[in-house]
Amino acid sequence: MEPARDLPASGTPALHLDVTGATATVRIAHPAKRNAMTPDMWRALPGLLERCAADPAVRVLVLTGEGDTFCAGADISGLADGDGSASHAARDLAVAAEEALAAFPKPTIAAVRGYCVGGGCQLAAACDLRFAAEGASFGITPARLGIVYAASSTRRLTELVGPATAKYLLFSAELIDAERALRTGLVDEVWPADALEKRVAEFARLLASRSQLTQAAAKEFAAGPVAEDRVAYWAEQARGSGDTAEGVAAFLERRAPRFAWTAGGRG
């Protein structure tokens, strides 16, 4: 597949989509405010994800930030309305984008440099995996603003890092470094800044070579709880896909497997 690019005007707050081979990269770009997410950017994310989910050539999605920062959170410049209604509306937009990212049917990786704070950390936590550069900083900061963090976001964070670390982040609004994020499970790997892009690209290619059937079923099961009809659905998909036979044959023949099942066939 030829690279596909959606590149708004330079300097305009936007999400940039770049599809190269089997990897779709969504890049958060708002350089004037450390890639803070505007309302329009929150609204745009679910639509970009829908496009990538429907594209059979896309097997992995990478979320990252423009330049040396991932995302410094939500752009709060328009939230000083006195009664909190604007902050509630902004929170709802962020949660909708977060849930769309968490529900994306293919593997997702957050590639994090610099600040990953507030809404940025919310998006990173909604990805399946998080790879960070040395020197990255992570934080959940609503306690600095008197904002109630969304229940769904709180649960996702707690499931990821455990209650003690979740409370530390939420109660204090303090930032932690990449090494502590690695120890607590907030990130999966930490790399020198100049090696992060290469490592993420290599791992995305590795994921793209694996069975989408295994990945999609595992992603749904891990999100749990799983109804019995969904368990039966995945069993039927496995029987009809031919992927198991292909995987075993490829292993015995010492060749790369050619898995046929695609996430576009998911029920």
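Of the contacts in the protein chain between residues at least 6 apart in sequence, what percentage join residues at least 24 apart? The figure is 67%. Keep in mind that you're looking at a predicted model. Its protein chain has 267 residues, and the secondary structure adds up to 10 helices and 10 strands.

**The chain as a whole**

- If you go through the 267 residues, 46% of them count as buried.
- The chain exposes about 13,100 Å² of surface, and 56% of that comes from carbon and sulfur atoms.

**A closer look at helix α5**

- Start with residues 163-172, which make up helix α5: T165, A166, L169 and L170 are buried here.
- Look down the axis of α5 and you'll see these buried residues fall within an arc of 125°, so they line one face of the helix.
- Over on the other side of α5, you'll find A164 and F171, and both are exposed.
- What do the buried residues of α5 pack against? Their partners are α4 (151-161), β9 (176-177) and α6 (178-184).
- Right after α5 comes A173, and its phi is positive, near 60°.

**K167, a residue in α5**

- K167 also belongs to helix α5.
- Is K167 buried, exposed or partly exposed? Its relative accessibility is 46%, so K167 counts as partly exposed, since that value sits between the 20% limit for buried and the 50% limit for exposed.
- Try finding L157 too: K167 and L157 are 10 residues apart in sequence, and their C-alpha atoms are 9.6 Å apart in space.

**G21, a residue in a loop**

- G21 sits in the loop that runs between β2 (14-20) and β3 (23-29).
- With a relative accessibility of 35%, G21 counts as partly exposed because of the cut-offs used.
- Along the chain, G21 and V60 are 39 residues apart, while in space 9.8 Å separates their C-alpha atoms.

**The largest pocket**

- The largest pocket holds about 780 Å³ of space.
- It is lined by 28 residues, and the closest to the pocket's centre are A102, D128, K219, A222 and A223.
- Which elements give two or more residues to this lining? They are α2 (85-102), α3 (119-126), α4 and α8 (212-223).
- Of the contributors, α8 gives the most, with 7 residues.
- Sorted by class, the lining has 15 nonpolar, 4 polar and 9 charged residues.
- You've met α4 already: besides giving residues to the pocket lining, α4 packs against the buried residues of α5.

Note on methods
Residues are numbered from 1 along each chain as its sequence is written. This is a predicted model: local features need pLDDT of at least 70, side-chain atom pairs count only at pLDDT 80 or more; totals for chains, interfaces and linings use all residues. Side-chain values use heavy atoms; hydrogens and water are left out. Buried means under 20% relative accessible area, exposed over 50%, partly exposed in between (1.4 Å probe, protein chains only). Helices (H or I, at least four residues) and strands (E, at least two) are DSSP runs, numbered from the N terminus. The arc is that of the directions from the helix axis to the C-beta atoms. Contact means heavy atoms within 4.5 Å. Accessible areas come from the Shrake-Rupley method with a 1.4 Å probe; for residues, only the protein chains shown count as cover. On a 1 Å grid over the protein atoms alone, a cavity is a set of points where a 1.4 Å probe fits but cannot get out, and a pocket is an open set with protein on both sides within 12 Å along at least five of seven lines; lining residues have an atom within 4 Å of a point. Grid points are joined across faces, edges and corners, and a volume is the space filled by probe spheres set on the points. Ala, Val, Leu, Ile, Met, Phe, Trp, Tyr, Cys and Pro count as nonpolar, Asp, Glu, Lys and Arg as charged, and the others, Gly among them, as polar.
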